[in-house]
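Open the model in your viewer and keep the selection tool at hand. The stops below go one selection at a time.

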Amino acid sequence: MKDNFVYFPGCLALRKFPGFDYSTRFVLDKLEINYKTAEDFVCCPDPVWIRSLSYKDWKNIGLKNLEKAKSLGSTMFTICNGCFETLYTIKKSSANLKSFRVEHLIYTLWKNKKNEIKSKIVVPLNGKKFAVHEGCHFKRPSALISEEFGELKKVNILKEMIELLGTEAIVAKDECCGYPNSLTDKELSYLLAKKRIESFGEVDGIVVICPSCFSHFENVLVHEKRELPVYFYFELLAYSLGLDKNKIGFEFHRIKPLTI
């Protein structure tokens, strides 16, 4: 990997779920991926609500993050679907950013590190059955994504990355978690999440690559009084690569992950 990587953690990973950031940095170090980041990165901003309120502010704030990242390296990766959609969309519309790449880290690892990950697994998750939820904004806007990431139309990347850990990965119909509706129609948002969770059937947990999907699934499961754990993929990967379970940040989960 010859790229000069820049890591963009995003607000939720830094402020609400610090274990997501800690696990990701452990993974990057374990896979010997050199990267830079910036303490003065700000909110991406959100690709649904903020863009709806002010397209101009959404784009200008996103551009500041991108220009900062470009000063540090050649490829920026995120661990949040919302950050990815915002930063990739704005980058595509900016002439001076055409040579700069924006990726979700799950794609970066799938593209470059699958064999190395497989060889470095020290705690396989054999015998587990996890539901796969990639999340809508990982592949949006579809017209732009298909130009640069054509594989995403053919391959369920998260499924393949979960299977690298030794688990069975269950793919249900690709539907929304319902989170974007939570400000305008809470009842619809709740019903969409409940429908999505039920579509997975009997599993040992749900695996996501988006902090917003994670948060929404947990809130609905707690309300439903269901003890079904939700995992952020990079937590599981860090655990399988040897990170002590007590350092992953499971204390920030509302549903304790008892299945690993």
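**Stop 1: a polar contact from helix 11**

Select Asn219, which lies in helix 11, residues 211–223. Keep in mind that this is a predicted model. Is Asn219 buried, partly exposed or exposed? Its relative accessibility is 34%, so Asn219 counts as partly exposed, because that class falls between under 20% for buried and over 50% for exposed.

Now show side chains. The side chain of Asn219 makes a polar contact with the side chain of Arg254, at 2.6 Å. Add Ile255 to the selection. Its C-alpha atom is separated from that of Asn219 by 9.2 Å, and the two residues are 36 apart along the chain.

**Stop 2: positive phi in two loops**

Go to Lys225, in the loop between helix 11 and strand 8 (230–232). Check its backbone: phi is near 60 degrees, a positive value in a residue other than glycine. Lys225 counts as exposed, because its relative accessibility is 73% and the cut-off is over 50%.

Next, select Glu32. Where does Glu32 sit? Look in the loop between helix 2 (18–30) and strand 2. Glu32 is not a glycine, yet it has a positive phi of about 55 degrees. With a relative accessible area of 63%, Glu32 is exposed.

**Stop 3: a cis peptide bond**

Select Cys44 and Pro45. The peptide bond from Cys44 to Pro45 is cis, and omega is near 0 degrees. Pro45 is found in the loop between strand 2 (35–36) and helix 3 (49–53).

**Stop 4: parallel strands and a crossover**

Switch to cartoon. Select strand 3 (residues 75–78) and strand 4 (residues 101–104). How many bridges join strand 3 to strand 4? There are four, and the strands run parallel. Pick Thr78: its bridge partner in strand 4 is His104. Then trace the chain from strand 3 through helix 5 (residues 81–92) to strand 4. This β-α-β crossover is right-handed.

**Stop 5: two packed helices**

Finish with helix 2 and helix 12 (residues 233–240). Two packed helices are described by the angle between their axes and the distance between the axes. Here the angle is about 45 degrees, and the axes are 8 Å apart. That angle makes helix 2 oblique to helix 12. Rotate the view to follow the crossing: helix 2 passes helix 12 in a left-handed sense.

Terms used:
Residues are numbered from 1 along each chain as its sequence is written. This is a predicted model: local features need pLDDT of at least 70, side-chain atom pairs count only at pLDDT 80 or more; totals for chains, interfaces and linings use all residues. Side-chain values use heavy atoms; hydrogens and water are left out. Two strands pair if DSSP finds at least two bridges between them. A crossover is right-handed if, with the strands pointing away from the viewer, the path from the first strand over the helix to the second runs clockwise. Buried means under 20% relative accessible area, exposed over 50%, partly exposed in between (1.4 Å probe, protein chains only). A polar contact is a pair of N or O atoms within 3.5 Å; within protein, one must be able to donate a hydrogen and the other to accept it, and residues adjacent in sequence count only if both atoms are side-chain atoms. Axes are lines fitted to C-alpha atoms, for helices over the stretch in contact, and angles run from 0 to 180 degrees between N-to-C directions. Angles under 35 degrees count as roughly parallel, over 145 as roughly antiparallel, 65 to 115 as roughly perpendicular and the rest as oblique. A crossing is left-handed if the near helix is turned anticlockwise from the far one by less than a right angle, and right-handed if clockwise.
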